[in-house]
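Here are my notes for you, written as numbered points. Keep the model open while you read, and look up each residue as you go.

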Amino acid sequence: MMEDYKQFLILFLLALAVGFGSIAFVLTWVLHYREGLGWDGGAAEFNWHPLLMVIGFIFLQGIAIVVYRLPWTWRCSKQMMKFIHAGLHVLTFILAVISVVAVFDFHNAKNIPNMYSLHSWVGLAAVILYPAQIVMGIAVYLIPATPVYVRAALMPLHIYSGLFIFTSVIAAALMGFTEKLIFSLKSPAYKDSPPEAVLVNVLGLLVIAFGGVVLWIATRPSWKRPKEEITQFVSSSSTRQEDFKTDTAVTTRTHLDLEARRRNGKAEESG
């Protein structure tokens, strides 16, 4: 049983609440304060960029990072959880690529230079590193032929690089929020704190909070998934307990039936 299970559950539910809150805030931003969503090279196409980045590169990536630590998944095989972990990351990368295509299309249609800001440098670096991380994870941990000692040796690098990319994405998102507000808000300006600016600033705080909770969950040693032998033992033990309870119930019912038959036999003899 996981140590401090209640604390884990509270933090995981908090991460979900903050994550869904971030998605709600970015949707409100692009649908209410900006031009909505479209795919025509205009501002509506650009709006896919922050939306898909928050949904994919931040929320889904965060869930993929902690999915191994969900105690109700420990009865699933490690191989199954590897596929779920990898699948979430692949979906995240697809959404990230679509969001990058949207922002490049918008810049090219409006003759805006690409790749000149720190936000774009950090963001593109994360987008490039992310598939490399996925490929390494699949090659090392999903292919059975990989030697165990290679997996063990690369695990610290795999964990560190995943958390590094995740924090880099959050940093890039915060820079992107600020950059967009500075460029877009003219009258009133960003410095005057109009409602849109306040909403996006709160969105940034929610993204930071989500990242902080995910990193805390992902770095607690006591919340790691147990080794495969332990989870199998726990699962088989619980199965044996259920079988024992079932056998006991059947035996009890059998004794009661026999006792009832004896009593009916005695009653017939007396009659």
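1. Let's begin with histidine 158. Its relative accessibility is 14%, so histidine 158 counts as buried, the cut-off for that word being under 20%. Bear in mind that this is a predicted model. You'll find histidine 158 in helix α6, which covers residues 148-184.

2. What does histidine 158 contact, leaving aside its neighbours within four places in sequence? The list is His85, Gln133, Met136, Gly137 and Tyr141. Three of those names, Gln133, Gly137 and Tyr141, come back below among the buried residues of α5.

3. Now take a look at valine 67, in the loop between α3 (48-66) and α4 (78-109). Is valine 67 buried or exposed? Buried, because its relative accessibility is 6%. Not counting residues up to four places away in sequence, valine 67 touches Thr73, Met81, Ile84 and His85. So His85 turns up on the contact list of valine 67 and on that of histidine 158 as well, with His85 lying within the 78-109 range of α4. As for Met81, valine 67 and methionine 81 are 14 residues apart along the chain, and 7.9 Å separates their C-alpha atoms.

4. Helix α5 is a nice one for checking with a little arithmetic. It has 25 residues (118-142), and at 1.5 Å a residue they should span 36 Å. The C-alpha atoms at the two ends are 35 Å apart, which agrees. If you're wondering why 25 residues don't give a bigger figure, the expected span is 1.5 Å times one less than the number of residues.

5. Stay with α5 for a moment. Its buried residues include His119, Ser120, Gly123, Ala126, Val127 and Tyr130, and further along the helix Gln133, Ile134, Gly137, Val140, Tyr141 and Leu142 are buried too. What covers them? The cover includes α3, α4 and α6. The contacts of histidine 158 with Gln133, Gly137 and Tyr141 are worth finding on screen here, since histidine 158 sits in α6.

6. On the surface, look for a nonpolar patch formed by Trp39, Val90, Ile94, Val97, Ile98 and Val101. Together these residues have about 470 Å² of accessible area. Pick out valine 97, which is in helix α4. Valine 97 counts as partly exposed because its relative accessible area is 33%.

7. On to the charges. Side chains of opposite charge can pair when their charged atoms come close. How many salt bridges are there? The count comes to three. One of them joins lysine 191 and aspartate 192, with the closest N and O atoms 3.4 Å apart. Lysine 191 is exposed, given its relative accessibility of 72%, whereas aspartate 192 is partly exposed at 45%.

8. My last point is about arginine 34, which is buried, with a relative accessible area of 17%. Arginine 34 forms a salt bridge with glutamate 35, the closest N and O atoms being 3.8 Å apart. Glutamate 35 counts as partly exposed, at 45% relative accessibility. Arginine 34 also meets glutamate 196 in a salt bridge, at 2.9 Å from N to O. That pair links distant parts of the chain, 162 residues apart: glutamate 196 is in helix α7 (195-218), and arginine 34 is in the loop between α1 (5-33) and α2 (43-46). Both glutamate 196 and arginine 34 are buried. Put together, Arg34, Glu35 and Glu196 are linked in a network of salt bridges.

Terms used: Residues are numbered from 1 along each chain as its sequence is written. This is a predicted model: local features need pLDDT of at least 70, side-chain atom pairs count only at pLDDT 80 or more; totals for chains, interfaces and linings use all residues. Side-chain values use heavy atoms; hydrogens and water are left out. Helices (H or I, at least four residues) and strands (E, at least two) are DSSP runs, numbered from the N terminus. Buried means under 20% relative accessible area, exposed over 50%, partly exposed in between (1.4 Å probe, protein chains only). Contact means heavy atoms within 4.5 Å. Patches are made of residues with over 30% relative accessible area and no salt bridge: like charges are joined within 9 Å, nonpolar side chains (Val, Leu, Ile, Met, Phe, Trp, Tyr) within 5 Å. Accessible areas come from the Shrake-Rupley method with a 1.4 Å probe; for residues, only the protein chains shown count as cover. A salt bridge is a side-chain nitrogen of Lys or Arg within 4 Å of a carboxyl oxygen of Asp or Glu.
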